[in-house]
Structure formats: C-alpha cells, structure tokens
Amino acid sequence: MRDLFGAELRWFQHIEETARRVFGRHGYGEIRTPILEELEVFKRSVGESSDIVNKEMYEFTDRGGRQVVMRPENTAGVVRAAIQHKLLASNDAVLFYYIGQQFRYERMQAGRYRQFWQIGAESFGVATPESEAESLLMLHSFLTELGLKSLVFSINSVGTPESRPAFHAAFRAFFSEREERFCSDCHRRIESNPLRVLDCKNETCQAALEGHPVITDHLDEASARHHARLKALLTELAIPFEENPRLVRGLDYYTRTAFEVLSSDLGAQSALLGGGRYDGLVKHLGGPEVPAFGWAIGLDRLVMILQQIHGEAPFAPPALLIPLGERAATEALKLARTLWDAGVPLQLETRGGALKKAMASANRMGIQTVLILGDGELDGGTVTVKHMATGEQESWPIGEACSRLRP
Ligand code: AMP
C-alpha cells in the first residue's frame with residue numbers, strides 16, 4: 001500500500017476529473033459503496049473458486065462477530081447496493097460509475113499493489129448491443145481524452161449458460177485429444193470451468209489450444225445476432241476492434257459480450273482493462289432478474305502508462321505572494337483574499353522572515369511567478385513581480401494583480 005502525493009497524485013486527479021466529465025455527459029451518476037462488505041457478497045459474485053476469494057482478500061471478523069472483507073473490486077458492492085436500495089425495481093436504465101480503492105493481498109510485483117484504485121462503469125436494466133456500444137464509446141472517449149492512442153477493442157461472446165453446454169462438449173472433446181499437453185490447472189478447469197482453459201497464462205497451454213473450437217461458432221441464435229449487431233455498431237462508430245475467441249469470463253453469470261481494450265502506446269500491445277455483460281449477477285446476489293454490462297480499469301497502471309507517454313500531468317503551480325514585515329503581512333492577507341475569491345491560484349508565504357529564504361522555497365516548489373509586497377510597494381500602491389524563469393522583475397499597480405494573474 002502506498003501514499004499518493006505530488007506529481008503522481010496529480011495524474012490520478014486528472015484521470016478522475018476526466019472520468020467524471022466524460023461519464024457525466026453520458027448520463028452516468030456516481031455511486032460510492034463502503035470499503036467493508038460482508039464476505040458473502042464476494043463469495044457469491046467473484047466466485048469461491050477464484051484466486052481473489054481464495055487467496056487475496058483482506059477478511060476478518062469485526063467486533064460484532066461479522067465476517068467482513070475489504071472490497072477486492074467494486075462491482076459486487078454496486079450490485080449489492082442497487083438491490084438493497086431497490087434501484088432496479090423499475091424498467092429504467094440505471095447507469096453508475098465508481099472511483100475507489102480496492103484491496104487484494106497480492107504477491108509483491110511491479111505495478112501490483114495491495115491497495116489500488118479502480119474506475120468502473122456499470123449499466124443495469126438494458127440487454128441490448130446498443131447499450132454496450134454506448135458504454136464502449138464512453139470508454140473510448142475517456143481513454144482518448146487522456147491522450148491514449150492506438151486503442152483496439154478486443155471482443156468475444158461467451159453465449160449464455162443455456163447455450164454453453166454445446167460448446168463445452170466440443171471443447172472437452174478437443175481437450176481430451178491432447179490433454180497431456182495441458183497443465184494440471186487446466187485439467188482441473190476442464191472439469192469445473194472449461195472456458196477458463198482458454199485464458200490460461202501458460203504458454204504451453206496456449207500453444208496446445210491451436211485450432212480449438214471457437215465459442216462464437218456454438219452460440220444460440222439470439223446471442224449470435226447480439227454479437228453480430230455489436231460488431232456492426234462498432235464498425236459504424238469507427239471503433240477499432242478485433243475478435244478474440246480466447247477472451248472469456250469464467251463464471252456462469254457472465255453472458256454474451258466479453259471485451260478488453262488493448263493499447264500499443266507502450267510498445268507491445270497490452271490489455272488496459274476488461275469488462276463484459278453479466279446478466280445473471282443481480283439475480284445471483286438476491287435481486288430481480290436485471291441485465292447488466294460493465295467494466296473496470298486499474299488507475300495505478302493507467303497512471304504509470306500516462307507518465308511514460310506524457311511525463312508530468314498538466315499542472316500550473318500557483319503564484320507565491322511574499323510579504324515583508326508585519327504591515328505588509330496584514331495587507332498581503334487582504335490582497336490574497338481578493339485574488340482567491342476571484343479564482344486566482346496563489347500560495348501565501350506566512351512564515352515571515354527573510355526574502356532570500358522565501359525565494360529559495362519558491363525555486364524548490366517550481367513556482368513561476370512571485371509577488372513581493374514590502375513597505376515601499378505599499379506606499380506606492382504597487383506590487384513587485386518576479387518571473388522566475390527569466391529573472392525579470394516588474395512593478396504592477398496592486399489593483400491590476402487580479403486581472404493579470406487570473407488564469
Ligand atoms: P481485475 O479486477 O483483476 O479484472 O482487474 C481490473 C483492473 O484492476 C486491471 O486494469 C488491473 O490493472 C487493476 N488491478 C487489479 N489488481 C491490481 C493490483 N493489485 N494493483 C494494481 N492494479 C490492479
């Protein structure tokens with residue numbers, strides 16, 4: 001877990017502001033759920049067989065004897081809240097986004113933290129490919145406005161729980177013909193959760209999958225139409241996409257569309273985020289039968305990428321106002337108040353003391369504009385302005401400080 005501040009935190013803030021702006025204009029409203037949820041919420045949603053639930057959750061018994069978990073992800077909490085507050089009772093589309101920290105007891109490795117941040121969007125109550133296109137378009141705007149380029153949406157359909165047995169049968173037959181080439185985890189998966197074999201990280205297994213039956217060839221008719229329509233919409237919207245028959249989500253409540261966004265901004269193409277349709281989850285968690293679609297992106301990694309592409313987040317340090325002496329200190333507070341009220345970013349030097357010390361601080365803070373207010377300036381109704389980049393110095397009438405500094 002780490003502390004965030006300075007240049008890195010400014011990237012987090014910039015991303016969060018971009019998210020709020022883009023999602024807000026799509027009609028999504030923010031939702032904030034508690035960090036602690038009951039254990040059951042994640043057991044039932046993320047799945048008891050998942051690594052997250054088995055090995056990575058911060059779980060403990062609270063003073064009231066309840067088994068609680070620090071959320072490892074946010075979808076389960078959003079669904080729990082939507083059910084609890086009966087937000088899904090009508091046939092309305094319910095559109096939520098969240099920004100929050102998640103907790104997983106992960107092994108130490110670069111870019112993986114035990115407290116990390118995710119931004120996600122979930123739409124409830126709409127089962128159409130149009131709602132998916134809308135959500136993907138929003139995601140595309142969000143990433144584009146952050147300055148990411150060469151985005152590719154990788155998509156697949158995992159069908160429905162009803163139509164999946166047909167694929168499972170074909171896939172198990174394929175597997176059994178070459179089972180010695182698969183790892184022991186895949187031997188377990190083929191029994192419990194065959195789709196998961198497709199996204200095994202093991203290279204030998206990936207090679208053994210060559211020529212595997214493709215799930216989109218085994219879809220029921222409605223799922224096939226849904227998938228074709230989504231592809232047609234993405235084509236119309238000029239959102240670059242490719243089909244990836246190995247892209248899956250393993251649990252039964254995932255239906256139809258699964259997707260990832262790839263970016264080649266960092267050289268080799270790598271996945272920025274993933275998401276999909278989870279029509280069975282709301283009911284599975286005890287709510288009404290309501291379709292849903294959503295995705296989540298990890299902020300920590302996104303910040304790392306943006307730092308590598310763009311360097312520092314857009315940031316203009318405030319001006320610094322340095323008063324010299326007690327009379328000037330009083331007047332500086334009044335002047336600063338006028339500037340602050342007018343929206344001018346300004347830091348006030350309140351330590352007193354020598355000008356030299358204050359100027360050295362200004363240098364260290366990367367401040368560009370320093371205003372100096374001493375007795376001479378007060379008598380003349382002016383303020384001395386030093387531009388740090390050039391070292392140039394000039395004198396402004398005090399009354400003009402505001403209009404000259406306003407961004
Ligand atoms: P997941 O919920 O595992 O599908 O991950 C969704 C997003 O969260 C991905 O974009 C990951 O980059 C990010 N993420 C997951 N776990 C961590 C972690 N321990 N530290 C940082 N980011 C993470």
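**Stop 1: the ligand**

Select Arg104 and the ligand. A side-chain N or O atom of Arg104 sits 2.8 Å from an oxygen atom of the ligand. This is a predicted model, so read each distance as a property of the prediction.

Now add Leu272. Here the backbone supplies the partner: one of its N or O atoms is 3.3 Å from a ligand oxygen. Do likewise with Gly298. A backbone N or O atom of Gly298 is 3.1 Å from an oxygen atom of the ligand. How much of the ligand's accessible area does the protein cover? On its own the ligand has 480 Å², and the protein covers 79% of that.

Next, show the whole shell. Besides Arg104, Leu272 and Gly298, the residues surrounding the ligand include Glu106, Gly111, Arg112 and Tyr113. Phe116 and Gln118 also belong to this shell. Colour the shell by class. You will get three nonpolar, three polar and three charged residues.

**Stop 2: Asp279**

Select Asp279. Look for it in the loop between strand E10 (270–277) and helix H11 (281–284). Is Asp279 buried or exposed? Its relative accessibility is 19%, and the cut-off for buried is under 20%, so Asp279 counts as buried.

Show its side chain. The side chains of Asp279 and Arg277 form a polar contact of 2.8 Å. Then turn to Ala292. Its backbone nitrogen lies 3.1 Å from a polar atom of the Asp279 side chain.

Widen the selection to the contacts of Asp279. Setting aside neighbours within four places in sequence, these are Tyr253, Thr255, Val290, Pro291 and Ala292. Pick Thr255 from that list for the next stop.

**Stop 3: Thr255**

Centre on Thr255. This residue is in the loop that runs between strand E8 (241–243) and strand E9 (257–263). With 7% relative accessibility, Thr255 is classed as buried.

What does Thr255 touch, beyond residues up to four places away in sequence? One group to select is Val158, Gly159, Thr160, Pro161 and Arg164. Another is Arg277, Tyr278 and Asp279. Arg277 is the residue whose side chain you saw joined to that of Asp279.

**Stop 4: Glu37**

Go to strand E2 (residues 36–38) and select Glu37. At 6% relative accessibility, Glu37 is buried.

Which side chain makes a polar contact with that of Glu37? Select Arg80: the two side chains meet at 2.7 Å.

Now show Val69. Glu37 and Val69 are 32 residues apart along the chain, yet their C-alpha atoms are separated by 5.5 Å. Val69 is also a contact of Glu37. Leaving out neighbours within four places in sequence, the other contacts are Phe42, Gln67, Val68, Gly77 and Arg80.

**Stop 5: the second domain**

Zoom out and colour by domain. Domain 1 takes in 6–163 + 219–310, and domain 2 covers 319–405. How many Å separate the centres of the two domains? Taken over C-alpha atoms, the separation is 47 Å.

Finish on Leu321, in strand E12 (residues 319–323). Its relative accessible area is 0%, so Leu321 is buried.

Show the residues that Leu321 touches, again without those up to four places away in sequence. Among them are Ala332, Leu335 and Ala336. Leu346, Gln347, Leu348 and Glu349 are there too. Leu371 and Leu373 are further contacts.

As a last step, select Val385. Its C-alpha atom is 9.2 Å from that of Leu321, with their positions 64 residues apart along the chain.

Note on methods: Residues numbered from 1 in each chain as written. Predicted model: local features only at pLDDT ≥ 70, side-chain atom pairs only at ≥ 80, totals over all residues. Heavy atoms only, no water. Helix = DSSP H or I, 4+ residues; strand = E, 2+ residues; numbered from the N terminus. Buried < 20%, exposed > 50% of the residue type's maximum accessible area, 1.4 Å probe, protein only. Contact = heavy atoms within 4.5 Å. Near = heavy atom within 4 Å. Polar contact = N/O pair within 3.5 Å; in protein donor to acceptor, adjacent residues only side chain to side chain. Areas by Shrake-Rupley, 256 points an atom, 1.4 Å probe, with all protein chains shown as cover. Nonpolar A, V, L, I, M, F, W, Y, C, P; charged D, E, K, R; others polar. Domains from an automatic or database assignment.
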